[in-house]
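Got the viewer open? Let's walk through this one stop by stop, and I'll tell you what to select as we go.

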Amino acid sequence: MAPQIIDRTIFDQQTILLVEDNEDDVFIMRNVFKKAAMTNPLQVARDGEQAIGYLKGEGSYGDRHKFPLPVIVLMDLNMPKKNGLEVLKWIREHPSLNTLTVHMLTASSLPSDIELAARLGANAYLIKPGKLDELLEIVKAWIKVNSFAAFPALGA
Amino acid sequence: MEPDGKDGALLRGVLRAGESAGQSTEQLRLATQHLASIVEFSDDAIISKNLEGIVTSWNAGAKRLFGYSAAEMIGGPVTRLIPSHKQDEEPGIIARIRSGERIDHYETVRLHKNGKLIDVSLTVSPIKDADNRIIGASKIARDITEKKKTEAELLRRERQLKQAREELLEHARKLEQRVEERTLELRESNHQLETLVYSIAHDLRAPLRSMQAYSQILLDDYVSGLDETARHYARRIIHSAETMDALVLDLLSYGRIARSEMFLEPLALESVWKTALQQYEKDIGDKQARIETVPPLPRVMGNEVTLGQVLANLLGNALKFTVPETAPSVRFRTEERDRLVRIWIEDNGIGIDPEYHDRIFRIFERLQGQAYPGTGIGLSIVRKGIERMGGRSGVESTPGKGSRFWIELPAAGP
């Protein structure tokens with residue numbers, strides 16, 4: 001499929017799926033997104049299984065008006081049930097989702113984690129910094145990069 | 001006396017003398033008498049027998065060896081001396097003698113009068129008459145019991161030695177195998193430990209991140225609801241969280257440098273130094289530090305990541321331990337000594353009392369209080385990292401006159 005160029009106004013309206021089990025991290029990410037003036041709708045999955053359910057459109061997630069397919073999945077690594085790498089593997093093995101943009105967002109800078117994520121087809125690997133200001137810097141840059149990036153159109 | 005050699009030759013000489021015409025009977029008699037006395041006093045048993053195996057002569061040596069007197073043996077069968085399990089030897093010996101053969105140093109066992117077996121070495125030669133017909137055999141028997149014993153002992157010792165050697169080899173093999181197993185186990189447990197340390201550090205950092213972030217959110221978003229004391233407390237929480245985060249990160253770095261496999265390669269010192277400078281770009285700008293890099297910067301043998309961290313730590317210290325109200329000045333230069341490169345990082349900071357020059361490289365050692373916050377791990381990473389790359393590190397300093405830290409690594413050539 002040829003990538004289509006999406007302009008900034010369109011990216012702003014695309015859903016971002018945050019897969020994060022830590023309640024504090026979810027709160028902090030929301031706070032930082034707000035400070036970075038991010039307008040994209042944000043959906044949150046609390047663990048790997050929920051993320052797969054969301055992407056599959058299971059149960060109430062079947063309502064794609066309420067739960068649209070995301071333009072980017074921002075995925076934590078260490079989570080209960082299915083971890084981020086397992087979800088990534090599932091996504092890449094799933095025919096209609098294997099071009100979905102997945103960015104890992106984790107505190108782990110373990111070389112083996114980074115290598116495995118790359119091997120499994122992660123599009124980016126972001127390491128959570130220790131300070132809120134640094135996180136804000138990263139998120140601002142991340143939004144800027146993504147608003148100029150081209151994403152493949154996804155079918156349900 | 002050497003009956004087999006000299007006397008054997010003599011015997012043959014006498015026999016030939018007897019055969020040749022023109023020899024006087026007297027000469028022959030004298031020679032025979034001489035010969036008989038040699039035979040009689042020989043240490044060896046000298047026996048003769050006819051082709052039917054009947055003993056025809058028996059010397060004193062034979063009596064000593066076999067226990068029988070000449071009277072007992074002469075006229076009797078020689079097979080008396082042969083133990084039952086060796087009886088079939090005699091027909092073979094007789095057959096060979098008949099065909100004119102001589103049997104040399106044939107080792108076997110014979111029977112003593114007292115029933116004991118004796119190890120003997122036999123030399124059997126045909127006896128011919130005047131017409132050159134074979135009429136019997138002379139037999140020289142030598143007691144080789146001692147020799148056999150010695151041989152048996154030698155063989156036993158040899159076997160013992162061989163066995164001991166095999167046991168030793170087996171031990172060595174087992175030891176090697178155990179060392180291999182232990183090494184593998186150690187590597188495995190080392191790896192597990194590293195993974196454990198990593199996940200502990202990861203889990204320790206998560207709540208710190210939250211503490212830092214929530215306090216920061218308080219200051220950012222709820223500042224109007226907080227008075228100065230409350231804001232101060234929030235800042236103290238942030239500071240503590242950040243200190244502990246730095247501690248966890250430094251401990252992780254130290255652990256990685258102390259344990260991880262270290263691949264060494266020729267490094268362009270200039271690019272590693274530049275990377276360290278970039279890391280402190282903001283600090284250098286903020287403090288208006290003067291950085292002087294003095295060429296040449298030769299290539300050194302090292303690990304890029306580790307040397308990068310070592311240089312960054314030393315640079316960080318030079319920018320940190322500064323005299324108040326004084327812009328930091330850092331000089332980076334090298335010295336080539338034999339096949340080593342000594343790298344100097346010199347500053348105009350507060351300096352270090354010589355009493356502490358060794359201690360500051362130890363983990364958790366700190367000389368300064370709140371004025372210069374730190375984890376006390378930075379220089380221990382420097383020392384450990386340089387050590388792991390096969391080099392040395394040190395400092396020259398006087399309080400108030402700056403510090404000159406040095407590290408030494410093998411030169412990598414041009």
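Start by selecting chain B and colouring it by secondary structure: you should be able to pick out 11 helices and 12 strands. Keep in mind that you are looking at a predicted model. Chain B runs to 414 residues, and 35% of them are buried. Among its contacts between residues 6 or more positions apart, 58% join residues that are 24 or more positions apart.

Next, go inside. Which residues have the most contacts within the largest nonpolar core? Select B:Trp273, B:Leu307, B:Leu311, B:Leu314, B:Phe332, B:Phe405 and B:Ile407, and you have them; the core as a whole has 35 residues. To see what surrounds those side chains, show helix H8 (269–279), helix H10 (304–320) and helix H11 (378–388) of chain B, then add strand E9 (329–337), strand E10 (340–347) and strand E12 (403–410); each of these supplies at least two residues of the core. H10(B) is the top contributor, with eight residues.

Stay on that helix for a moment and centre on B:Leu314. Setting aside neighbours within four places in sequence, B:Leu314 is in contact with B:Ile345, B:Leu379, B:Val382, B:Phe405 and B:Ile407.

Now zoom out and bring chain A into view. Where the two chains meet, 17 residues of chain A are in contact with 14 residues of chain B. Together the chains bury about 1500 Å², with 54% of that on carbon and sulfur atoms. Try selecting A:Ala107, A:Gly130 and A:Leu132: this trio supplies 27% of the area that chain A buries against chain B, more than any other three residues.

What about charges? There are three salt bridges across the interface of chain A and chain B. For one of them, show the side chains of A:Lys35 and B:Asp221, which sit 3.5 Å apart, N to O. Polar contacts between the two chains come to five residue pairs, counting those with both residues at pLDDT 80 or more.

Last stop: the face that chain A turns to its partner. Highlight helix H2 (23–35) and helix H6 (132–147) of chain A, since each supplies at least two residues of the side touching chain B. H2(A) has the largest share, six residues. Colour that side of chain A by residue type, and you get six nonpolar, five polar and six charged residues.

Key. Residues are numbered from 1 along each chain as its sequence is written. Chains are lettered from A and ligands numbered from 1 in the order in which they are written. This is a predicted model: local features need pLDDT of at least 70, side-chain atom pairs count only at pLDDT 80 or more; totals for chains, interfaces and linings use all residues. Side-chain values use heavy atoms; hydrogens and water are left out. Contact means heavy atoms within 4.5 Å. Buried area is the accessible area (1.4 Å probe) that two parts lose on being put together, summed over both. A salt bridge is a side-chain nitrogen of Lys or Arg within 4 Å of a carboxyl oxygen of Asp or Glu. A polar contact is a pair of N or O atoms within 3.5 Å; within protein, one must be able to donate a hydrogen and the other to accept it, and residues adjacent in sequence count only if both atoms are side-chain atoms. Helices (H or I, at least four residues) and strands (E, at least two) are DSSP runs, numbered from the N terminus. Ala, Val, Leu, Ile, Met, Phe, Trp, Tyr, Cys and Pro count as nonpolar, Asp, Glu, Lys and Arg as charged, and the others, Gly among them, as polar. A nonpolar core is a set of buried Ala, Val, Leu, Ile, Met, Phe, Trp, Tyr and Cys residues joined through side-chain atoms within 4.5 Å. Buried means under 20% relative accessible area, exposed over 50%, partly exposed in between (1.4 Å probe, protein chains only).
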